[in-house]
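My notebook is open and the coffee is poured. Here is what I looked up, in the order I went through it.

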Amino acid sequence: PARPLAGRVALVTGASSGIGEATAVALAGAGAAVAIGARRRDRLEALAAKLRDDGARVLELDLDVTDEQACADAVRRTREELGGLDVLVNNAGVMLLGTIVGADPEDWRRMVQTNVMGVLYMTHAVVDGMLEQGSGDIVTISSVAGRTARKGAGVYNASKWAVNAFSESLRQEVTARGVRVSLVEPGAVATELSNHITQPEAREQSRQMAESMRTLHADDIARAVLYVVGQPPHVAVNEVLVRPTDQE
Ligand code: NDP
C-alpha cells in the first residue's frame with residue numbers, strides 16, 4: 001500500500017473517539033507516526049494497541065487541552081519520543097448546544113476553554129518548531145457551525161467562528177514560511193459529540209436531526225484531513241467544508 005506520510009509525525013487531539021480517532025487511524029495508515037491525546041486513557045490505550053498491531057509508531061498522551069502546560073508537555077514529548085512534529089490536528093472539542101437564554105455559563109466555559117483556548121494553546125506550542133523547520137501542517141477541525149450561526153447553537157457557533165478567524169489570521173502570518181494552516185469544517189457526523197449536551201430540548205433536537213438524514217461517518221472527515229496534509233509542499237488547502245448530502 002502507498003504510504004504518502006511515511007517519515008512524518010502527527011499529533012491528534014481528542015483522539016479517543018469520533019473524528020479524532022478516525023483521523024489517527026487514517027494518518028497511521030498513510031505511514032505517519034502518531035501521537036494521540038485525550039483525557040480518557042483507556043480509550044487511547046485501546047487505539048494505540050490497534051495501531052501498533054498494524055505496524056504504526058504511536059505515543060499516547062494524557063492531554064487536557066484546556067491546560068496550557070499539558071499542551072506544551074504533549075508537544076515536547078511528541079518531539080522527543082517520535083522524533084519531530086510535522087502535523088497538528090486540533091480536533092478536541094465539545095458541542096454543548098442550547099439556547100442562550102437560560103443557559104448554564106459552565107457550558108459556555110467548557111466550550112470556550114476546549115474549542116478555543118485548546119486550539120490556541122496547542123497551536124502556540126507547535127508553531128515555533130514548525131517555523132524553525134520551515135514546514136508543518138496545522139489543521140483545525142472547525143464546523144459548519146463556524147460558518148453559519150443558528151438559534152440554539154450560539155456559543156458553539158461563537159467558539160467555531162473564533163477558531164476560523166484565528167486560523168485565517170495565522171495562515172496569513174506563517175504561510176510564506178512554509179507552515180500550512182487549514183480548516184476542516186464538518187456538517188453532521190455520527191459521533192459521541194451530542195451525548196454531552198446538558199439542555200434536554202437541545203439534546204432531543206440534535207438526536208432528531210441526526211435521525212432525519214444519512215449523517216457523515218468520522219472516516220469521511222478523516223479522508224478530508226488526509227487530503228489536506230497529503231498535498232505537495234506548494235499546495236495549501238486552506239479550507240474544506242464537508243456536509244452530508246442530506247444536510248441543507
Ligand atoms: P467526540 O465527542 O466523539 O470526540 C471529541 C473528542 O474530544 C474526544 O476524543 C474527547 O476525548 C476530546 N476532548 C474533549 N474535551 C477535551 C479536552 N479538554 N482535552 C482533550 N481532549 C478533549 O466528537 P467528534 O469526533 O464529533 O468531535 C471532534 C471535533 O469535531 C470537535 O471539535 C467537534 O466540534 C467537531 N465537529 C463535529 C461534528 C459532528 O457532527 N460530530 C460536526 C462539526 C464539527 P476525552 O473526552 O477522552 O478527552
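I started just past H1, where Gly31 follows the helix with a positive phi, near 105°. I kept in mind that this is a predicted model.

Next I went back to helix H1 itself, residues 18-29, and checked its length. At 1.5 Å a residue its twelve residues should span 16 Å, and I found the end C-alpha atoms 17 Å apart, which agrees.

Is H1 mostly covered or mostly open? Mostly covered: eleven of the twelve residues are buried. Among them I noted Gly18, Ile19, Glu21, Thr23, Val25 and Leu27.

Then I turned to the nonpolar cores. Which residues touch the most other members of the largest one? I got Val34, Ile36, Ile221 and Val225, out of 61 residues in that core. A separate core has eleven residues, including Met95, Leu97, Val155 and Ile197.

I picked Ile36 for a look at its contacts, skipping neighbours within four places in sequence. My list for Ile36 reads Val12, Ala15, Ala24, Leu44, Leu47, Ala48, Val58, Glu60 and Leu61. Ala24 on that list is also one of the buried residues of H1.

My last stop was Val242, in strand S7 (residues 239-242). I counted 16 other C-beta atoms within 10 Å, so Val242 is partly exposed: buried would take 20 or more, exposed 12 or fewer. Beyond four places in sequence, Val242 is in contact with Glu185, Pro186, Gly187, Leu216, Asp220, Ile221 and Ala224. Glu185 lies 57 residues from Val242 in sequence, yet their C-alpha atoms are 6.1 Å apart.

Conventions: Residues are numbered from 1 along each chain as its sequence is written. This is a predicted model: local features need pLDDT of at least 70, side-chain atom pairs count only at pLDDT 80 or more; totals for chains, interfaces and linings use all residues. Helices (H or I, at least four residues) and strands (E, at least two) are DSSP runs, numbered from the N terminus. The expected span of a helix is 1.5 Å times one less than its number of residues. A nonpolar core is a set of buried Ala, Val, Leu, Ile, Met, Phe, Trp, Tyr and Cys residues joined through C-beta atoms within 7 Å. Two residues are in contact if their C-beta atoms, placed from the backbone, lie within 7 Å.
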